Amino acid sequence: MLLKLENVTKRFGGLVAVDRMNLEVEMGEAIGIVGPNGSGKTTLYNLISGVYMPDEGRIFFEGRNITNLPPHKRAPLGLARTFQIPRPFGSATVRENVAIGAMFGRANAGVDEAMNIADEYLRMVGIYDLRNKEAKFLTPLEKKLMELARALAMKPKLLLLDELLAGMNPQDIGKIIELIKKVKEEENIAVISMVEHLMHAITKFAERVVVMHQGKKLIEGPTLEVLNHPKVVEVYLGKKVV
Ligand SMILES: Nc1ncnc2c1ncn2[C@@H]1O[C@H](COP(=O)(O)OP(=O)(O)OP(=O)(O)O)[C@@H](O)[C@H]1O
Ligand SMILES: [Mg+2]
């Protein structure tokens, strides 16, 4: 078992944003988290990555209790995330930004090695030619690709993708999904991806889907089966999900 959440709860004042959530993730699995607005997806991500500590419950990574570890101590264990709004070091180059991932993640590399790892992943995501550009000059799509390369350079065992595909055109979405599938297979990385409004994308990518509703897990199971389940259609206001 790679990741395990046991009865994890997070409250904001009187509001229970994540309510006794249980989740198990195996090595190499691709999981999609979906749910209507306010259902607790982002909060769940923040709990897994260590931005928030749970009020109750426990989180294990490879059997180790990481419930109270801060994010910078989770990353070297093999837990990487992308941010919905990438915040690169604007005046550093693309290559340097990605190398930072290699230095602080599980790769735990020195500067020269980190630069080489950066080059490897910049090639993989297709922005190697931009490596010497200052990050602030990248387009939004290029920034997302750099963000993906940075996360991969950390050599994660678990990659959390936060709305990586939001705002992209269908062609780019297709490209990135293929890319993530390829890396996931090659490096046996488990991926949890949160996709709010791109259900079709999730059917192409996730083997299993977890649907959240009012902070709780409504249902989980094989992607298409779950997305077509009457309970799920109901929380999405009667609309067919896919
Ligand atoms: N820092 C915070 N302080 C107070 N309330 C919060 C905070 N973060 C989230 N919430 C509340 O917790 C609930 C879950 O929010 P969360 O952002 O996790 O949902 P979500 O599923 O990601 O929603 P969306 O689809 O809109 O992004 C919401 O009611 C939200 O208003
Ligand atoms: Mg959210």
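A residue is buried if 20 or more other C-beta atoms lie within 10 Å of its own, exposed if 12 or fewer, and partly exposed in between, with C-beta atoms placed from the backbone. Helices (H or I, at least four residues) and strands (E, at least two) are DSSP runs, numbered from the N terminus.

The structure is a predicted model, in which local features need pLDDT of at least 70, side-chain atom pairs count only at pLDDT 80 or more, and totals for chains, interfaces and linings use all residues. Residues are numbered from 1 along each chain as its sequence is written, while chains are lettered from A and ligands numbered from 1 in the order in which they are written.

**Exercise 1. Helix H3 and its surroundings**

Task: State which residues of helix H3 (residues 94-104) are buried, and find the elements against which they pack.

Solution.
Step 1. The buried residues of H3 are Val94, Arg95, Asn97, Val98, Ala99, Gly101 and Ala102.
Step 2. For the spacing of such positions, recall that an α-helix has 3.6 residues a turn, so residues three or four places apart point the same way.
Step 3. Helix H4 (111-125) and H5 are the elements against which the buried residues of H3 pack. Contact here requires that the C-beta atoms of two residues, placed from the backbone, lie within 7 Å.
Step 4. Take Val98 as an example: apart from neighbours within four places in sequence, its contacts are Ala118, Tyr121, Leu122, Met146, Ala149, Arg150 and Ala153.

**Exercise 2. An exposed position in H4**

Task: Determine whether Asn116 is buried or exposed.

Solution.
Step 1. Asn116 belongs to helix H4.
Step 2. Count the C-beta atoms: 12 others lie within 10 Å, so Asn116 is exposed.
Step 3. Asn116 and Ala153 are 37 residues apart along the chain, and 9.8 Å separates their C-alpha atoms.

**Exercise 3. The domains and the core**

Task: Describe how the chain is divided, and locate the largest nonpolar core with respect to the domains.

Solution.
Step 1. Domain 1 comprises 1-62 + 158-242, and domain 2 comprises 86-156; such bounds come from an automatic or database domain assignment.
Step 2. A distance of 25 Å lies between the C-alpha centres of domain 1 and domain 2. Nine residues from domain 1 and nine residues from domain 2 form the contact.
Step 3. On the side of domain 1 that touches domain 2, strand E7 (158-162) and helix H6 (170-187) give two or more residues each. H6 gives the most, with three residues.
Step 4. A nonpolar core is a set of buried Ala, Val, Leu, Ile, Met, Phe, Trp, Tyr and Cys residues joined through C-beta atoms within 7 Å. The largest one has 70 residues, and Val98, Ala118, Tyr121, Ala149 and Ala153 have the most contacts inside it.
Step 5. Helix H5 (residues 140-153) gives the most to this core, namely seven residues. Because domain 1 and domain 2 both give residues to this core, it lies between them.

**Exercise 4. Strands E3 and E8**

Task: Explain why strand E8 (residues 190-194) is largely enclosed, and identify which strands pair with E3.

Solution.
Step 1. Five of the five residues of E8 are buried, so this strand is largely enclosed by the rest of the structure.
Step 2. In a regular strand the side chains alternate between the two faces of the sheet. In E8, Ala190, Ile192 and Met194 point one way, and Val191 and Ser193 the other way.
Step 3. Strand E3 (residues 30-34) and E8 pair in the parallel sense over four bridges; pairing requires that DSSP finds at least two bridges between two strands. Ala30 has Val191 as its bridge partner in E8.
Step 4. E7 also pairs with E8 in the parallel sense, over five bridges, and Leu158 has Ala190 as its bridge partner in E8.
Step 5. E3 and strand E9 (residues 208-213) pair in the parallel sense over four bridges. Ile31 has Arg208 as its bridge partner in E9.
Step 6. Ala30, Gly32 and Val34 point one way from E3, Ile31 and Ile33 point the other way, and all are buried.

**Exercise 5. The shell around ligand 1**

Task: State which residues come nearest to ligand 1, and which helix supplies the largest share of the shell.

Solution.
Step 1. Ligand 1 has 12 residues around it, of which Phe12, Ala17, Asn37, Thr42 and Thr43 come nearest. A residue is near a molecule if its C-beta atom, placed from the backbone, lies within 6 Å of it.
Step 2. Strand E2 (15-25) and helix H1 (41-49) each supply at least two residues of this shell, and H1 provides the largest share, three residues.
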